[in-house]
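Hi everyone, thanks for coming. I'd like to walk you through one model today, with a pocket to begin with and some aromatic rings after that.

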Amino acid sequence: MPRSREISVNGVRRLFVIFPAAVVVRARACGHSLQAAGPEDGALGETTRELVMGQQLSLEDLRRAWTARDPELPSLFIALVAAADSASAAPVREGALTFTAYLSELRGYNHRKRRSPQERARYRIDGMRALEAQRAEVPLPERLGAYELLEELWRAAQVTGAAYAREALLEIIAGVPLRWGPWRALKRIFKEAEARGDTEIVGALAARFDAAYAQRYGWGTSEVSKNTIGYLCRRAWRYLRRQAEGLGAAYADAAVEFLRFYPERVDLRGTWVYNHILFHETKRYARRNWKRIDRGASALKSRAYGELWRRSLRPLFTLLERANNEAVREYATSALKTDFRATLREVEGAWVVRLIAVGSASIDTFVIWLLGNVPRFEQGAFRELGLHDAVLRLLDSPANDARAYAAAYARTHARDLGLDRLIALANNSHGEVRGLVKDLLGDRDPRKDIGLDAWGRLLGSQYGHELAVDALRKHFGARELTPEWFLARFLDSRDKVIDFVSDLLPKIHPYKALGAAYFRLLDAPELGRKAARFALDGVTRYPVADYDADFWRHLLLRDATRGAMTQWIREERVKADALGPPFWRALAFRPTWEADPWVRALKAEHRWARDLSYDEGLGGFARELLGDVRKFTPDQLGFAWLMEMVQRAEPSYHDFAVEYMIKAFLPADFAPADEAQPAAAPAASAAKTVDLGGKTFLFTGKLATMTRDQATAKVTVAGGANAGSVTAKLDYLVIGDEGSPLYGAGRKGSKQVAAEKLVAKGAAIRIISETAFLQMLAGGEREFSADKVDDGCARLWAMATDPGPADAPLASFAQKYIRRHHPDICLALTDRPVDPGAEIPENSSRGHECAPSSPTRASPCASSPSTSASGSSRAGRRRSSSWSRSPKIQTPSCGASSAPPCSPTRAPRPSGCASIRRASAPTRCMPSASRCTPSPAASGWS
């Protein structure tokens, strides 16, 4: 036997008999999971829930709901018919007859214009017969079989006492789409109800058809033609006309059964039956439609069979209580006041109470008329007549005159209105009602009789807000308006509430008393943008150290606070390193984000973060910060992490890592030995003080990370000196990383040209990049042995030349790195020298491939045990290429006009730095320079 169980579905609790399919049906239609509400029942299991949500509604489900007398059957039926037809699971043979193809043919031009009526009828009949055949190749959509269930309901509704079937049928008629499937049954039910004299069903169908007939648009895709709908509307009016002519006493009741079913939202101007009932005598109708009607004129003068409406007021009473359309109610009230004025003087108070319960503007206006015209309805007797509570309900009436009447009555006879009722009425849109509430509340003690909770409920309301604000400011202080009370208001979504508490909180509770911890409310999941702005302002009033790293991270991740937090980091009010390099790496790189344990813990602990996903905008911001060597050192990013990004194909990841590694890592960093990654500069939190020892600096080009004034100030603070021009005594010329648009086009800055000339004469000027300058300030000097440098070069060469696509991310990176660290190629490509100590060495430390180019020039590949990355000198560097001095390479003379193109004779591939020097820098003739320079294009890497 099935068990009786109370189930909550879509917020509505109903008692029904559980059948497995009925539960599934109900959940599918509502789109919600089911939860048992009975104390002995737990929630449905996950398997059942997945089954419910993963299947589609079927006719079999509806039949089981019909058997179980499920009250949701009408909504399920409508949902099945309204749903889009699902595609066939099996592949459909080309040319096979399908329902979609059948409909397309019926709507096509050839069928509508080139076939005779007999041919069109024959195609419709034969086509549907073929689709419905048992051996049909493609099954029909489920909705096309819905007519059988609808006909069953109709047969059951004809039995005396079958209330469930009849109500379900009427609900389906009112809301079901007029599509094939149910339409087949609706036509038959209409004709059979007409024959049986079932006026209620005929009226429901007539109103449904008439509302559809009044539609002005959308008929191009309808499955039922407007002509067919129009025919049934005309037939419905004929049914009513015959009622009036054959059984006049029943006409008004029959017309009520038609009028009461018209929905609120319908274009009455285009209706056929409705306009005949109320405007027939205007004679403004043609064969198929109505001409323009003056609706300002009273329907009482133009209604059909007006004398039959005047026989009794009972049909009009029924219409007032049961009609769905306001225009229909207005007609009923007008008819009652005009035709039955004298009779209404004897109306009972109980009937007035029933009318007020309808909640209609026209009815409430009619009630006020009754209360003023029926002699026994004296306001002083309303309590005895049972009208007192009903009249007070008019304070919420949709009719303004009814609210004004009720407010005037309450001033005299209902000054004892309950507090909850007054608080609700304080937000009434009618001025007289609000005035009444203000007066009644003013008679009570705002603290004892009303209380803080009641005033708090009015905060943020459309009309009661100002009343609550005045009361709270005047009558309550810090003892009642605690920080916790304000905190609850901050989680309100209404701007009025946030504005009020933001203004009042600092006046009652100073920021010093609140403390920094109070503004951790920014972690609340309900916090809106306006409240977040106030809380962010509060955060700025406390030292940054009062908040931990997780607090700052949350601000950056939340939509409401991200903009402010981003600005604070850019302005360095909050240091980027305070959030930690691992956090920034997670923001910068999606795979790191997805694998990060802190992110997983955040999603598990905070409701606002459950749906948090990787954000590309934040990723770009994180990469921007990580790329600034002032904020993060190379070891904080990590060699392995950057190499992982280098190997990605996405430009946002690959390009960032490539540019960073080219600027911040030396050839020796790529040495694979002992897996010890570069011991780069210490972390920012433990950065040491650097003393530049009076070295002189001069800046040229546009700096990427600071202004010129900021740069000179940094030199001064670190114990250096700023030079005014390029002289032989200058120690460092710093070229801005952003440079100039002329760089790379053969146009160097004048300061760089002057420095290079002095270097050529033997001056000890070092020309360095902005990045190298920042690393110098961070104390980032590193030392590597010559073997380490050579091993790094060998690994770079292997990455650049290993088998595989030439544009593979890793090979592309290695090639670009070599070009940018090769002294001659880099200078030819960018007009910038390589930073001292970062060059691809000219000679291998193993000694047999290259020889020093000059006895006065120190080679990074020399046999000295180590070389300093920041202090090696390039004094006296010449731009001639090193392979021209190698005994294994023959370099042609560039000056001879008959010389072949400059290309080296290939020798067996050496290892390490020598291999890069010899194979990465072929030469070409540069007549304008009268010398040979490396040709990046000839290497195939440009």
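Let's go straight to the largest pocket, whose volume is about 1,200 Å³ in this predicted model. Its lining has 34 residues, and those closest to the centre are Leu106, Arg124, Trp180, Glu223 and Thr228. Which elements give two or more residues to that lining? They are helices H5 (99–107), H6 (109–114), H7 (117–132), H10 (182–196) and H12 (226–246). H7 has the largest share, with eight residues. If you sort the lining by class, you get 15 nonpolar, 12 charged and seven polar residues.

Stepping back to the whole chain, there are 50 helices and 11 strands. Of the 942 residues, 49% are buried.

Now for the rings. Searching the whole structure turns up 40 aromatic pairs. One of them is edge-to-face: phenylalanine 583 with tryptophan 598, at 5.6 Å centre to centre and 85° between the planes. Phenylalanine 583 sits in helix H36 and tryptophan 598 in helix H38, 15 residues apart. Phenylalanine 583 counts as buried because its relative accessible area is 5%, and the cut-off is under 20%.

My other example is phenylalanine 670 with tyrosine 817. Why is this pair edge-to-face? The planes are at 70°, and over 60 counts as edge-to-face, so the pair qualifies, with ring centres 4.9 Å apart. Here the partners are 147 residues apart: phenylalanine 670 is in the loop between helix H42 and strand S4, while tyrosine 817 is in helix H47. Both residues are buried. They also belong to one aromatic cluster, together with Phe639, Phe656, Tyr660, Phe665 and Phe813.

Technical notes:
Residues are numbered from 1 along each chain as its sequence is written. This is a predicted model: local features need pLDDT of at least 70, side-chain atom pairs count only at pLDDT 80 or more; totals for chains, interfaces and linings use all residues. Side-chain values use heavy atoms; hydrogens and water are left out. On a 1 Å grid over the protein atoms alone, a cavity is a set of points where a 1.4 Å probe fits but cannot get out, and a pocket is an open set with protein on both sides within 12 Å along at least five of seven lines; lining residues have an atom within 4 Å of a point. Grid points are joined across faces, edges and corners, and a volume is the space filled by probe spheres set on the points. Helices (H or I, at least four residues) and strands (E, at least two) are DSSP runs, numbered from the N terminus. Ala, Val, Leu, Ile, Met, Phe, Trp, Tyr, Cys and Pro count as nonpolar, Asp, Glu, Lys and Arg as charged, and the others, Gly among them, as polar. Buried means under 20% relative accessible area, exposed over 50%, partly exposed in between (1.4 Å probe, protein chains only). Rings of Phe, Tyr and Trp (its six-membered ring) pair if their centres lie within 6.5 Å; planes under 30 degrees apart count as stacked, over 60 as edge-to-face and the rest as tilted.
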